[in-house]
Each structure stands twice: as C-alpha cells, then as structure tokens.
Amino acid sequence: MSLKVGIVGLPNVGKSTLFNAITNSSVEAANYPFATIEPNVGVVEVKDNRLIKLAEIFKSKKTIFTTIEFVDIAGLIAGASKGEGLGNAFLANIRETDAICEVIRCFDSKDITHVEGSVDPIRDIEIIELELILADESVVKKRMQKIEPKFKTSKDANIIFEYNILKKLQDALSEGILLNKLNFDEEESLYVKTLGLLTLKKFIYVANVSENDIKNENEYVKKVRELALKNKFEFVVVCAKVEEDLSELEGADKEEFLNDYGISTSGLDKLTIAAYKTLGLQTYFTAGPQEARAWQFKKGSTAPQCAGIIHTDFEKGFIKADIYQINDILELGSEQELKNKGKIRLEGKNYIVQDGDVCYFKFNN
C-alpha cells in the first residue's frame, strides 16, 4: 500500500516549491494564483537506513523501500466550497488522500504576493479549514434531506442510527468543529467513512519559513505550533527553498549542506515521520538474497494481517512466523548469530507485529 498525502494551502505559500523538493520533480512554481492547475503526483521512496544495512547483510540483489505518494493540489481561496477559483477540482482531488498536509506561509517577502494581501498563518488555516467544513456540511445536508423524512415516520433501527449520526456530524460542522476531533464507536466509524468527508482526515501543519528562520522560530511559527498543539495535529517546520536545493544533492554533499544550515534532518524526513505518526503507520521488513523490502502496516496489526499486505493468500493460509528485531541482526551481523543467541522467535496468529520486526511468514497454499 502507498500512503497518499495531499499538499494543500492558499496560493503562493510554497506548496509547489516544497513538492518540487520532496519529489525532485519540476512542477511549475509561479508567482500567481493557480499555477498548479492539475494535481501533480509524486511517489517518494522512504529511504530507511535500517533496510539499507539489512540488504548489505543478506547481499540482496534488490532493495525495495516503502513509498509515500504526495499530491500537490491546486491552491484554494475563500469560496472554494462554492466553486470559487478551482474549488470543485480541489475538493474532488483531496477526497482521495489519506492525510491533509496544510502548507502555511510563515515568512515575509516583498517579491511574493499573498492572495489575502498580508501574511497571517492563523487566518490562512482558518480559510482552508472553513472551506473543508463547508464542503462537508453540504454532503451531510444532502444526506440528511433524504433520511430525515423517513426518520419521522419509521421505527427502523438502521434509519434511526443513520439520522442520529448525521445529526451528530451536522451539529459539529455548524459549530465550525473539524470532524477529526469527534469520537466515534466502531459502527459509527464504518458509516462515516462511506461519506467521503474531508475533515475526518488527519491533518499535518507545515510551516514554510525563510532561510533565515530555519533554526530561529519566528512569531508566525510560534502561532502555528500553538494551534497544532491545541488541535493535537502533527507540526513540521521546513524551508521549501532550502529543501529544493537539497533535493539536487546526494551523500556527503547533502550532509555538508545540512550541516551548513545547522540542521540534521531534511524536511522530507520530518514530513515522512509526521505522516507515519499521524496515520499510525509502522514498518516491518522481509529479507533474502533476492530482495530486502520494507512494508508499511497499521500499528496494532497481527502477524496474519501483516502477511496479507504481501499477498492475501498469506493471510488466509497463515500458520506461523519467524520473527526477530532488525536492531539485533544489525548488531550481530547474521541470522546464524541470531539463532546462536536465541533471538529468533516463532510467533502465531495473535502476535502483534512491532516496528522494526523482520518477518518470515509460513503459510499453507
């Protein structure tokens, strides 16, 4: 599975520059609204150093990393939910993503215009989220118009359930509350997922700063950080321009470039970690002479469920799994040494896979 993150924001906040950087592609980044007309998609490998070392131990012919799919979506403006600007296209494209990455302008510049006439990150966030709320309100309202007449005359449990959950959604949205802040039981969760609502998605705030503010948190960034903490959203600070320069470098040159700015982690790495954390994702590994591979899985997944990520037959016919932690093999250097030290475990169907597990699944065909 590939994680899909939508990069959104008002025009001229640095979305396309960031997208260029993290995908090392060449999307147009122009100083006017709607330079990005169609959604641009870039699939990025998550370069996990643990996998690289694992492949070296097994002398694997291929190394296959997990991926994140970034979708650069056209800048929206106030009124997008009613079709202003590129509103309808924006809303359709964002419905297909797993998480929403809000890029927020946190720098001043005389050369780059702001669609609202001034830099105010909290106002920008409010504009984006209000448009998403209004779009969700429209969906819920249409559904409510169909179910409410039935609710008034029926004693059907399914109709009563649907009306009550729609009323819960409607009340929250009318108060300007993002639906990802509500709690749902299992049955409610299954239902609301069918509605394709935007504010149910997980959000990540990305504060885009100037080169001078990479290490020094300015007042704009402080405000966004406070809001992220209040909303319990992941928060990342990047300089899109620096990331774009960084994307053209590799190895020692890349490390030296980071050191020159006094930072140890690239914006892409920080965004990747935030995306994984936001969606509750972890990584397990498989390895052998042919290939070493990383696999994304939901935290809390069982061994059969993780086996099913490779192939559905693996989950159906699951018997047992040989499992050890990647840190152990990186320390000891071989599977033989792991056996000698008793580090390889035989686990059954109820085993909860952990981040960094190396798995060998046994199954019936």
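Here are some notes on this predicted model, taken point by point.

1. Overall make-up. The protein has 14 helices and twelve strands. Of its 365 residues, 48% are buried. If you look at contacts between residues at least 6 apart in sequence, 69% of them join residues at least 24 apart. As for the outside, the protein exposes about 18700 Å², and carbon and sulfur atoms supply 47% of that area.

2. The annotated site. An unreviewed UniProt entry puts a "binding site" feature at Asn12, Val13, Gly14, Lys15, Ser16 and Thr17. Two of these residues, Asn12 and Gly14, get a point each below.

3. Asn12. You'll find Asn12 in the loop between β1 (3-8) and α1 (15-23). Is Asn12 buried or exposed? Its relative accessibility is 14%, so Asn12 counts as buried, the cut-off being under 20%. Have a look at the backbone here too: phi of Asn12 is near 65 degrees, a positive value in a residue other than glycine.

4. Gly14. Gly14 also sits in the loop between β1 and α1. With a relative accessible area of 16%, Gly14 falls under the 20% cut-off and is therefore buried. Which residues does Gly14 touch, once its neighbours within four places in sequence are set aside? The answer is Val103, Asn208 and Ala240.

5. Lys59. Here is another positive phi in a residue other than glycine: the value for Lys59 is near 55 degrees. Lys59 belongs to the loop between α2 (49-58) and β3 (62-64). Its relative accessible area is 69%, and because anything over 50% counts as exposed, Lys59 is exposed. Set against that, Asn12 has the positive phi but is buried.

6. Helices α4 and α7. Helix α4 (residues 121-153) packs on helix α7 (residues 219-231) at an angle of about 45 degrees, and their axes are 9 Å apart. Why call the pair oblique? An angle of about 45 degrees is neither under 35 nor in the 65 to 115 range, so α4 is oblique to α7. On the α4 side the contact involves Pro121, Ile122 and Ile125, which meet Tyr220, Lys223, Val224 and Leu227 of α7. By class, that contact has six nonpolar residues, no polar ones and one charged.

7. Helices α5 and α6. Helix α5 (residues 157-174) and helix α6 (residues 186-193) pack with their axes 11 Å apart, at an angle of about 75 degrees. That angle lies in the 65 to 115 range, so α5 is roughly perpendicular to α6. From α5, the residues Phe161, Glu162, Ile165, Leu166, Lys168 and Leu169 meet Glu187, Glu188, Tyr191 and Val192 from α6. How many charged residues does this contact have? There are four, along with six nonpolar and no polar residues.

8. Where to look. If you have the model open, start at the loop between β1 and α1, which holds Asn12 and Gly14. Then go to the α4 and α7 pair, with its angle of about 45 degrees, and on to the α5 and α6 pair, with its angle of about 75 degrees.

Notes:
Residues are numbered from 1 along each chain as its sequence is written. This is a predicted model: local features need pLDDT of at least 70, side-chain atom pairs count only at pLDDT 80 or more; totals for chains, interfaces and linings use all residues. Side-chain values use heavy atoms; hydrogens and water are left out. UniProt positions are given in the numbering used here, feature names are shortened, and annotations may be inferred rather than shown by experiment. Helices (H or I, at least four residues) and strands (E, at least two) are DSSP runs, numbered from the N terminus. Buried means under 20% relative accessible area, exposed over 50%, partly exposed in between (1.4 Å probe, protein chains only). Contact means heavy atoms within 4.5 Å. Accessible areas come from the Shrake-Rupley method with a 1.4 Å probe; for residues, only the protein chains shown count as cover. Axes are lines fitted to C-alpha atoms, for helices over the stretch in contact, and angles run from 0 to 180 degrees between N-to-C directions. Angles under 35 degrees count as roughly parallel, over 145 as roughly antiparallel, 65 to 115 as roughly perpendicular and the rest as oblique. Ala, Val, Leu, Ile, Met, Phe, Trp, Tyr, Cys and Pro count as nonpolar, Asp, Glu, Lys and Arg as charged, and the others, Gly among them, as polar.
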